[in-house]
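Me: Can you walk me through this one? I'd like to begin with where the chains meet.

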2 protein chains.
Amino acid sequence: MKFYLAFNFPLLAFAGLFSGCVTIAPPADRDAANPSDADLEARAAAIHERVITLDTHLDVPILMKRPTFDIRHRHDAHDHQSQVDLPRMIEGGLDGGFFSVYLGQGPRTLEGRMQAKDAAREIFDMIDRMVAESPDDFEIALTADDAARIAASGKRIVYMGIENGWVIGRDLDVLHEFYDRGARYMTLSHTRNNAICDSSTDPAGPEHGGISEFGKLVIKEMNRLGMMVDISHISDDAAMQAIKLSEAPVIASHSSAYAIYAHPRNLNDRLLRAVAKNGGVVQMNMFSAYLKDVETSPERREALRAWREKYGDILELSAEKQAEAVAARGKIEREFPPDLATLEDVLDHIDHVVKVAGIDHIGIGADFDGGGGVLGCYDVSEIGNITLGLLKRGYSEEDIEKIWSGNVLRVLRANEEVARRLQAEDVAAANGEKRA
Amino acid sequence: MKFYLAFNFPLLAFAGLFSGCVTIAPPADRDAANPSDADLEARAAAIHERVITLDTHLDVPILMKRPTFDIRHRHDAHDHQSQVDLPRMIEGGLDGGFFSVYLGQGPRTLEGRMQAKDAAREIFDMIDRMVAESPDDFEIALTADDAARIAASGKRIVYMGIENGWVIGRDLDVLHEFYDRGARYMTLSHTRNNAICDSSTDPAGPEHGGISEFGKLVIKEMNRLGMMVDISHISDDAAMQAIKLSEAPVIASHSSAYAIYAHPRNLNDRLLRAVAKNGGVVQMNMFSAYLKDVETSPERREALRAWREKYGDILELSAEKQAEAVAARGKIEREFPPDLATLEDVLDHIDHVVKVAGIDHIGIGADFDGGGGVLGCYDVSEIGNITLGLLKRGYSEEDIEKIWSGNVLRVLRANEEVARRLQAEDVAAANGEKRA
C-alpha cells in the first residue's frame with residue numbers, strides 16, 4: 001500500500017543499461033512530460049496505492065539461503081542479482097504474495113524424495129524465521145481473508161506456495177503437513193516429469209500421459225485441504241486433466257500466453273478457456289524467454305560459463321567467497337546484460353489472456369528471483385509500472401484490482417469453500433450418513 | 001532344526017490345566033503308548049527336524065516393548081503371558097518366521113499417521129537390536145533364499161512383516177522405506193478400515209467398497225518392491241480385489257476357514273479358490289475365537305476387567321509394576337483359563353483349506369503373542385504337535401514341508417520375480433524404450 005510515487009523513474013535508470021528494445025514511451029524527465037502523462041502517472045499511483053497487490057510467485061527464498069542476503073536490507077537488482085527485499089517491496093508498493101517453497105528436481109529415488117521433503121521443511125522454517133524476526137514487517141497469511149487485514153496493518157502479506165510437487169515425493173501425508181505449514185498452492189511439477197504428472201519441458205517427453213494415478217489422489221487431497229492446484233510448468237495434457245479433476249478452481253501461478261509466444265511453458269488458448277470455465281486464474285509470468293524470442297549474446301554466454309566454472313554452486317562457498325561470486329556476476333550483468341523482454345511484451349500477453357479468458361482470470365506472478373523481470377519492470381521496486389501500463393492500455397481501476405489480487409483471492413476463497421464442503425462430507429461419511 | 005524330541009509332553013502338562021475339550025488322543029506316558037504311536041512320534045520328530053519351519057505371524061515384538069521381557073530368556077506361557085522366546089523356539093523346533101511390525105489403529109489424522117510411522121520405525125529398530133545383540137542366535141532374512149542358508153547355520157530366521165497398512169499412513173515413500181528396513185509382507189488393514197482398504201471387522205461397515213484408490217497404488221508399489229500383499233484381516237471385497245490387483249501371489253499371513261467357523265475374519269471358499277488360482281498361500285491362524293465358538297466364563301471376564309482397571313496400559317508402568325501386573329495376569333490365566341480351541345480344530349481348518357485350495361496353498365501363522373495358541377499347541381515350544389497332527393491325518397513329509405515353509409517361500413520368491421520384472425520395465429521406460 002505504501003507507494004513510491006515516482007514509480008517509473010528507476011525503470012529509466014535500468015533501461016539505459018540495456019541495449020534491449022524498450023518499446024514503452026520514453027518520458028525524458030518529469031517536468032517535460034506532457035500533462036496527460038503526468039495525470040496518468042498520478043492516477044496509476046493512486047490506484048496502485050488503493051488496491052492490494054499480490055505477486056503469486058516470489059522466489060526470494062532461494063536467495064534467503066545465502067548468508068550474504070538479508071531480506072530486511074536493500075539490494076541492487078544487478079550487483080546482487082536480487083529482485084525482492086523489504087525496502088524494495090515497500091518502494092514498489094507490493095503488499096505481498098506467495099513466497100515460493102521451490103526445489104529443483106532431484107533423483108527420483110527414495111533417498112532423493114526423503115531429502116526433498118526435508119529440504120522443503122527447511123524452506124518453510126526459513127520463511128517462518130523471516131516473519132518471526134520481523135513481526136512488524138511481515139505476517140503469514142493462511143486464508144483469502146487474511147490479505148486485506150494484513151495489508152491494512154501495513155505489513156507485507158506472506159502466503160506460501162510450493163513449486164514442484166516433487167517435494168512431496170509420493171506422500172499424501174507430507175502434502176497435508178505442508179498445508180499445515182502454510183502452503184496454499186502447489187505447482188504440480190517443475191521442468192521435469194515427477195510422480196504426480198508430466199512436465200511441459202521434460203526432454204524425455206510425457207511419462208504419464210498427463211496426471212498419474214498418484215497425481216489424481218494428490219489433486220483430490222489438495223481439494224480436501226484447500227490448497228490451490230497450480231498448473232504452471234505441467235504439460236498441456238496434465239493441465240487439461242488437472243482442470244477436469246479439480247473440484248476447485250485452479251491457478252497458473254506464473255504462466256504466459258502460447259498464442260503470443262509459442263513456448264511449451266505457456267498456456268494455449270484452449271487451456272486459457274478451460275481455466276476461465278473452471279473459474280481459475282492465470283498469473284502472468286515475466287520470464288523473458290517465455291515472453292518472446294530472446295537471445296543470449298556469445299559474450300554473455302562465455303562470461304556466464306566462466307563464472308559458473310569458477311564458482312560452482314555458490315551455496316557451497318564461504319560467505320566471503322559467495323560475496324565475491326555475487327560481485328563477479330554483477331559485473332557480468334552490467335557488462336553483458338541479458339536480452340530481456342519488455343513490460344509492453346508482458347502487457348501484450350496480459351491483453352491476450354483477457355481477450356480469451358476474460359478479466360476475471362488474470363493476475364501477476366512475475367517470477368522475481370526465479371528468472372523473471374523485464375525491461376520496465378526488472379525488480380519489485382518497479383511494479384508500479386505494471387499498473388501504469390495497464391491504465392495506459394485502458395484497464396479500469398476495477399480491472400486492475402482484479403489483476404493485482406481480486407482474482408487470485410477469489411480462487412483461494414473458492415478452494416477454501418470446496419475444502420469445507422469436502423471435509424463436511426468426510427465427517428458425514430464417518431458418521432455413517434452416506435454409508436449403505 | 002534343533003528339535004526337542006518329547007515334543008508333545010509340554011502339551012499334556014498344559015492340557016491338564018484347562019477344562020477345555022481336548023480331543024487329541026490322550027497318550028498317558030511314553031512307555032505305555034502303543035508302538036505305532038511311538039513310531040509316529042519319532043517320524044514326526046524327524047520330519048520336523050528336517051523341514052524348515054516358519055511361522056508367518058510372530059507377535060513377540062509386542063512383548064519386546066516390555067523391559068521385563070528378554071527374548072533370550074525362557075518365559076512361561078501363562079505366568080508371563082509369553083508364547084515366543086529363543087529357548088522355546090529352539091525347544092519347539094521353530095526355525096524362524098515373520099516378526100510382526102504390528103500397530104493397532106490410531107486416530108486417522110495427520111498426527112496419528114505421523115506417530116504410527118515413527119512407532120513402526122521403533123519396532124524395526126527393536127527387531128534390529130534383537131539381532132545385533134544375539135548375532136549367533138538370530139539373523140535377518142530378506143529373500144526367500146535366505147531361509148535355507150540361515151536355517152543351516154542353526155540361527156533363527158528373522159523375516160519381518162507389517163501388520164496393519166495403517167502404519168504407512170498415506171505415504172508410498174514410507175512403504176518403500178519399510179521394505180528397505182526388511183518388511184516382506186504388509187497386512188493391508190487390521191480390525192478397522194484404513195486409507196488402504198476396508199477391514200473385515202470394522203463396526204462401521206465398508207468405507208471404500210474394498211480397496212481404495214490409494215490402496216491400489218499401495219498394491220502396485222508392493223508388487224514393484226517385492227513385498228507380499230497380506231489379505232488377512234481385510235474385508236472379503238477388499239481381499240478379492242487385492243488378489244485381482246496384485247501381479248504377484250498374495251499371502252494370508254494368519255487366517256482360518258470360514259466354512260469351518262463362520263467368522264468374518266476367516267476366508268470363505270470363494271476366496272480360498274481365488275488364492276489358489278493366484279498362486280498364493282493361506283497361513284493357518286491358531287486364534288481360538290476364529291476357529292470355533294469359544295466362550296469367556298463370567299469369572300474370567302470379571303477377573304480380566306478388574307485387572308485392566310487396576311493396571312491400565314502396562315507399557316506405561318514402571319518395570320516393577322509391570323512385573324506385578326504380569327504376575328497378577330498369570331494368576332488369572334491359571335485360575336480362570338480361557339476357553340480355547342484345540343489343535344484338532346486347527347487341523348480341521350487346515351484339512352478344509354487343503355480340500356478347497358490344495359496342498360500348495362496352506363501354511364502356518366499361529367498368531368503367538370497376538371492372541372493365538374490352542375490346547376495342544378499353546379506356545380512355540382509345542383509346535384511339534386502340529387507336525388505330529390498332520391502326520392496322523394495322513395499328510396506326507398513333502399506336504400508337511402510345503403506347509404511349514406515351502407509354500408510361503410514359493411510365494412515370496414514369486415514376489416521377488418515380479419518385482420524384478422516391474423523394476424526392469426521401469427528402467428526400460430526411463431530409457432525411453434516404452435515411450436511413444
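**Chain interface and a buried acid**

Reply: Across the interface of chain A and chain B, the rule finds 10 residue pairs in polar contact, both at pLDDT 80 or more, a polar contact being a pair of N or O atoms within 3.5 Å where, within protein, one must be able to donate a hydrogen and the other to accept it, and residues adjacent in sequence count only if both atoms are side-chain atoms. This is a predicted model, in which local features need pLDDT of at least 70, side-chain atom pairs count only at pLDDT 80 or more, and totals for chains, interfaces and linings use all residues. Residues are numbered from 1 along each chain as its sequence is written, chains are lettered from A and ligands numbered from 1 in the order written, and side-chain values use heavy atoms, leaving out hydrogens and water.

Me: How many salt bridges between chain A and chain B?

Reply: The count is 10, with a side-chain nitrogen of Lys or Arg required within 4 Å of a carboxyl oxygen of Asp or Glu; one pairs Arg170(A) with Asp173(B), closest N and O atoms 3.2 Å apart.

Me: Switching topic, is Asp59(B) buried or exposed?

Reply: Asp59(B) is buried, meaning under 20% relative accessible area (1.4 Å probe, protein chains only), yet has no salt bridge, and the nearest side chain of opposite charge, Arg265(B), is 8.6 Å away.

Me: What does its side chain make a polar contact with, then?

Reply: The Asp59(B) side chain pairs with that of Ser100(B) at 3.3 Å. Not counting residues up to four places away in sequence, Asp59(B) also touches others, including Tyr102(B) and Glu163(B), with heavy atoms within 4.5 Å.

Conventions
Buried means under 20% relative accessible area, exposed over 50%, partly exposed in between (1.4 Å probe, protein chains only). Lys and Arg count as positive and Asp and Glu as negative; His and the chain ends are not counted.
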